[in-house]
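Colleague: Could you walk me through one part of this structure up close? I'm new to this, so please keep it plain.

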Amino acid sequence: MDIDRQDMGQDMGPSNYFSMSKLEASSSQENRPMKRIKATSTQSQPDLSPSQVTAISPAAWVAPEHPGEVERMKVVNSARLLEIPTGPEYNMIAHKAAAQHQVPVALVVLMDSHMALTKGVAGWPSKAGPRQLSFCAYTILPDSPDVLVVLDAQCDERFMTNPYVTGPPFLRFYAGAPVIVRGQKVGTVCLIDVKPHTEFTQQDEQLLMALASQV
């Protein structure tokens, strides 16, 4: 995907980054006891109409800053990663991730200093979004685990006040494996669902890490 500043400016709004309807969490399911089985999710196609998006002030929730951002961005810029065009191989990775883990949305994301740029997508239409609202900003932190797993964002102190958790599209599940270049976490392959999951196994993590290594 060719990213120019004009395109990024058009895509960076939350209305282009997060707009999912028909993928809303059921309150009745929240009251049911969770069983220790691997969860599955609804595969229906989301309605991505702008009318379903909540107007969000970025100040409501801001992702943490990367302590080594200068060095991380040196790798991003020197490798010219942001100039990598979107290709079918990245979309294939995203679609494979969504199918393997039975989630409605999977993304291949590269992280600029201010933007989360989508290079591959399954179930999501956007090219870019504000990094300060992105779950992936946690995935690329140096002290994050090999795979960052959020089974239920409403129960996770880091994410429960994120605007996309408290309002439409009411995100609940996230899992992200970092894309690593020259020792730096430059992006992610991530999974998204609006239903909470009860488990993400070690095998699931290995599968997601394997896909991230292909980017």
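Modeller: Let's look at one helix and what sits around it. This is a predicted model, where local features need pLDDT of at least 70, side-chain atom pairs count only at pLDDT 80 or more, and totals for chains, interfaces and linings use all residues. Residues are numbered from 1 along each chain as its sequence is written, and side-chain values use heavy atoms, with hydrogens and water left out.

Our helix is α5, residues 88–101; helices (H or I, at least four residues) and strands (E, at least two) are DSSP runs, numbered from the N terminus. From first C-alpha to last, the 14 residues of α5 reach 20 Å, close to the 20 Å expected at 1.5 Å a residue (that is, 1.5 Å times one less than the number of residues).

Now for its sides. Tyr-90, Ile-93, Ala-94, Ala-97, Ala-98 and His-101 of α5 are buried (buried is under 20% relative accessible area, exposed over 50%, partly exposed in between, with a 1.4 Å probe and protein chains only). Seen down the axis of α5, the buried residues fall within an arc of 130 degrees, so they line one face of the helix (the arc is that of the directions from the helix axis to the C-beta atoms). Turned away from that buried side, another face of α5 carries the exposed Pro-88, Met-92 and Ala-99.

What do the buried residues of α5 pack against? Their partners are β1 (105–111), β2 (115–122), β6 (184–193) and α8 (202–212), with contact meaning heavy atoms within 4.5 Å. Just after α5, Gln-102 takes a positive phi of about 55 degrees.
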